[in-house]
Amino acid sequence: MAGHSNFETNNPLIKWVETRLPIFGLMQSQAMDFPTPKNLNYWWTFGGILTFCLAVQIVVGIVLAMHYTPHVDMAFGSVEHIMRNVNYGWMLRYIHATGGSMFFIAVYIHMFRGMYYGSYKEPRELLWILGVVILLVMMATAFLGYVLPWGQMSFWGAKVITSLFSAVPLVGEDLVVWLWGGFSVDNPTLNRFYSLHYLLPFVLVGVVFLHIWALHVTGNNNPTGISVKSEQDTISFHPYYTMKDAFAMALFVLVFAFFVFYKPNYLGHPINYQEADPLVTPEHIVPEWYFLPFYAILRSIPHKLLGVIAMFASIFVLVILPWLDTSRVRSARYRPIFKQFFWLLVIDCVILGFVGANPPEGTWLLVGQIGTAYYFLHFLVIIPLLGLIETPKPRPTSISQAVLDANKGKGGGADAVPSAQAAE
Amino acid sequence: MTAASEGRKFTMTTLKQLTAAAGFVLAALCISPVLAAGDTHEAKDVDFSFEGPFGNFDRGELQRGFQVFIEVCGQCHSMNYLNYRNLAEEGGPEFPEDQVKAIAAEFMVMDGPDAEGEMFERPAKPSDFFVAPFPNVEAARASNGGAYPPDLSLLAKARAGYHGTWNQFINGAGGAEFIYSVLTGYEEEAPDDGEDHGALAYNPYFPGSWIAMPQPLFEDMVEYADGTTASVEQMSRDVSAFLMWAAEPKLEARKRIGFQVIIYLIVLSGLLYFVKRKIWANVDH
Ligand code: HEM
C-alpha cells in the first residue's frame, strides 16, 4: 500500500497492540496521512457517501430484522407492525426503504464520475471492476429486500424477475423451480430471500474493503486525469478530505432526510401497500426506479433469452470498458468530443429509465429500442473509435500546474498551457 | 488538419443538436404520465389539512370521518391494522379514553379458551383490533355480489389519484383524493358502450369505470355529533381524511421530527462548510 506508517505513541497499551497488530499505524497511514491529490472536486465525495449508505442500511436493517417476520401470512402485517407499534419503527423503515434509493443515486453518480474522468483506465482497472461487482451485489440485495414487505409489487416483481431464468436453455424451468423452492413464489422463496438479503450486505462490506484496498494501491484519480507527479500534488486525507467529505455528506443526508420525512413513499409504488395476492396481477409490474433502465433494455428486445442477455450485457460491458477505451487521455476535460458523448449517454440512460416505467408498446417500445441500441453503440463503437480519431486538448504538466493555471484567471486554464503532452 | 477539424466541427454541431433533441424528448417524458391512466379520470383536487410540509390532521374531521366509517363503510369493509386504542392516540382523532372504551364495547370478539377449554364471546377492548364485518373473504364476497370490499387500513396509501413523475412529486400520490373522488364520482348517466355491466355502477374515477360498490353515501346518512351538515361531499371528505390517518397514523410525528432534523442538518452543513473552508484556506486547490 502507498504511504508508509510513521505512527508513534507513548501509550504502553497501544504500543503493545501495535507491535503485535499494527492497526493504529495502518489507520494513520491509510485514513489520516494518505496522500490525496489536492484538486479533487465534490464528485469525489460520493465514495465516502456510499460507505455511509452501506453502514446506515446495515444498522437500520438489523433493527428492522428484530421486528420483521419472514412468513407469507405475516410478513406484510409485521411491516405494518413496525410502522405502527414499534417505537420510531416508521422512521427506521422509511430510512431503510429510502436508503436503498439514496444508495443507488450515489452509486450512479459515483460511476458516471468514474466514466467522465477516466478513472477506470490503467492502472485502476481492477478497482473499477470491483466497483461493478459492488453494483451487482447491491442490485441483488435491493431486489431481495423489496420482496420482503410482501406487497403486490414485491410478489409480482419477484415473480417476473425470477421467471427470467426460465429463458436459460435446457435447464431454465428447473432452475426457476430451484430458485423458488417450489412451483411458485411462495413461503420458501420469501425465506431464502430474507436469508440472502441479510447475507449480501456483509458480502458487500468485503468487496468494498477490496475496492478501497485497490484504491489505496493506485491512489485517487483526479479531475485532470494526470497522475500524481510529486508531493506538491497531494495533501493528507485528514483533515482536508475528511472535512470536505463530511460537508458533502451533511448535504446528502439533508436530501435523504427530505425524502424520509416529507416524501417517504414517493420513490416506492402505492400498490405495494396492498398485501401480495397470487391471484390478482397488478395492471403494471415495474421494478424500483433504479432498475428501470435495465428493465427497459430487457423489454426492448422481443425475445426472452436475448432480452436477458442484453440486460446482463449492459452491465458486463462496464467490466470490459477499460479495454474498450482506446484513448490515452483519462479526463473528459481534455477530450472535447468524448465529453459530449458522455452527456449523451447520461441522457440515454435517463430516457431508458422513463421507458422502463412504461409498457413496452408503440412509441415506448421504439424509444426503448433506439435507447438500447445507442447504449451499446456508445460502449462498443463510439468509445473505441473516439480514442483513435479525437485530438485531445493540451494538458497541464502536473496537478499543481493545473491548479496554478486555474487560479491564474478563470479564462486561461489548461488550454493556455503550451501543448505539453504529459505522460499520464 | 483542416479536413480533420472540419469533420470534428461537424460532429460537434450535430452532437449539440442531438443533445438538444434528447433534452426535449426528456422534458416531454417528464410531463407525460408514467403510467397511462386509461379512461379513468384523474382524481378531483381536494384541499386537505394534512397536505404540505406542515399540514396536520383536523381532529374534528377525523372524528367525523370515523363516524362515517363505523356507521357506513364498516358494514362492508374491514380495517384490519387498526386497534380501537389508536383512536385515542396522539396525532389521530384523539377521542377520550372512555369514549374509545365505549366504542370498542359495541363489538363482540371471540376469545378463549377459558378454564373449561371453551371459546367465548366478549365485548371488545381498546387493545383489540377493529372487528371486521365479515368472518372471511368468502363471506364478504357472498354478501357483495362476488366482489370483495378491500381492507381500508392502507387504501389511502395503496392507491394513486394522481399520475406522472413530476405531478406526484408536487401533489403527492393523491390516495385520499382518489377515495374522495370515488365516493363523490357516481354518475346516473352511464355512457352506452354496448356491454352489459350487470349490477355494477358507473363511476369514472374508479379504474375501469365500473364498480361493484353501490353508491355508499347519501345526504344526511349520518347525524354528526358536532352538528356539521352531512352532505355527500362533507362525509366523503371526512372519511377520506380519516382513511389517510388510518394508513399513516404517524404523519404528524413524522413531519414534526422531520422539521427538527432538517433545521439541524442545515445548521450542521453550514458549520461544516466554514470548517472546511478554514482548513482549505492555505491550500492551492
Ligand atoms: C446494501 C444494503 C441494503 C439495501 C440496499 C437494502 C434494501 C432494502 C429494500 C429496498 C427493502 C424494501 C423496503 C420497503 O419497501 O419496505 C428492504 C427491506 C428490508 N431489509 Fe434491507 N437493505 C440492505 C441491508 C439490509 C440489512 C443488512 C438487513 C438486516 C440485517 C436488512 C433487513 C431488511 C428487512 C428486515 C427488510 C423488510 C422490512 C421492510 O420492508 O421495511 N437490510 N431492504
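Helices here are DSSP runs of type H or I with at least four residues, and strands are E runs of at least two, both numbered from the N terminus. Counted that way in this predicted model, chain B has nine helices and four strands. Going along the sequence of chain B, the elements come in the pattern α-α-α-β-β-α-α-α-α-β-β-α-α. Chain B runs to 285 residues, and 41% of them count as buried.

One spot in chain B deserves a look for its backbone. Asp220(B) has a phi near 60°, which is a positive value in a residue other than glycine. Asp220(B) belongs to the loop that runs between strand 4 (210-211) and helix 8 (232-247) of chain B. With 53% relative accessibility, Asp220(B) counts as exposed, because the cut-off for that class is over 50%.

Chain A brings us to the ligand and its iron atom. Two histidines of chain A coordinate the iron: His96(A) and His197(A) each do so through NE2, at 1.9 to 2.0 Å. The iron site has six donor atoms, the angles among them run from 87 to 180°, and the geometry is octahedral. His96(A) sits in helix 5 (residues 89-116) of chain A and His197(A) in helix 9 (residues 187-218) of chain A, so the pair ties together parts of the chain that are 101 residues apart in sequence. Both of these histidines, His96(A) and His197(A), are buried.

Around the ligand as a whole there are 24 residues, and the closest are Gly61(A), Arg93(A), His96(A), His197(A) and Tyr198(A). Several of these come with specific distances. Arg93(A) places a polar side-chain atom 2.8 Å from an oxygen atom of the ligand. For His96(A), a polar side-chain atom lies 2.8 Å from a nitrogen atom of the ligand. In the case of His197(A), an N or O atom of the side chain is 2.7 Å from a nitrogen atom of the ligand. The ligand sits in the largest cavity. Two or more residues of the shell around the ligand come from each of helix 3 (46-65), helix 5, helix 6 (125-147) and helix 9 of chain A. Helix 3 of chain A supplies the largest share of that shell, with seven residues. Helix 5 and helix 9 of chain A, then, are both among the shell elements and the homes of the two iron-coordinating histidines.

Next comes the loop between helix 5 and helix 6 of chain A, where Lys121(A) is found. Is Lys121(A) buried or exposed? Its relative accessible area is 6%, so Lys121(A) falls under the 20% cut-off and counts as buried. The side chain of Lys121(A) has partners to go with that setting. One is the side chain of Asp325(A), with which the Lys121(A) side chain makes a polar contact at 3.1 Å. Another is the backbone oxygen of Val329(A), which the side chain of Lys121(A) reaches at 2.6 Å. Pro123(A) lies in the loop between helix 5 and helix 6 of chain A as well, and the peptide bond that joins Glu122(A) and Pro123(A) is cis, with omega at about 5°.

A cis peptide bond also turns up between His238(A) and Pro239(A), with omega near 5°. Here the proline is placed in a helix: Pro239(A) is part of helix 10 (residues 237-262) of chain A.

Chain A has a backbone oddity of its own at Trp150(A), a residue other than glycine whose phi is positive, near 55°. Trp150(A) lies in the loop between helix 6 and helix 7 (152-163) of chain A. At 4% relative accessibility, under the 20% limit, Trp150(A) counts as buried.

Last up is Arg330(A), in the loop between helix 13 (321-324) and helix 14 (336-356) of chain A. Arg330(A) has a relative accessible area of 4%, so this arginine is buried too. A polar atom of the Arg330(A) side chain lies 2.6 Å from the backbone oxygen of Gly225(A). From C-alpha to C-alpha, Arg330(A) is 38 Å in space from Leu196(A), and the two are 134 residues apart in sequence.

Key: Residues numbered from 1 in each chain as written. Chains lettered and ligands numbered in written order. Predicted model: local features only at pLDDT ≥ 70, side-chain atom pairs only at ≥ 80, totals over all residues. Heavy atoms only, no water. Donors = N, O, S within 2.8 Å, 3.2 Å for Na, K, Ca; no water. Tetrahedral: all angles 85-135°; square planar, octahedral: opposite > 155°, others 65-115°. Buried < 20%, exposed > 50% of the residue type's maximum accessible area, 1.4 Å probe, protein only. Near = heavy atom within 4 Å. Polar contact = N/O pair within 3.5 Å; in protein donor to acceptor, adjacent residues only side chain to side chain. 1 Å grid on protein atoms, 1.4 Å probe; cavity = no way out; pocket = protein on both sides within 12 Å on 5 of 7 lines; lining within 4 Å. Sits in = over half its atoms within 2 Å of the grid points.
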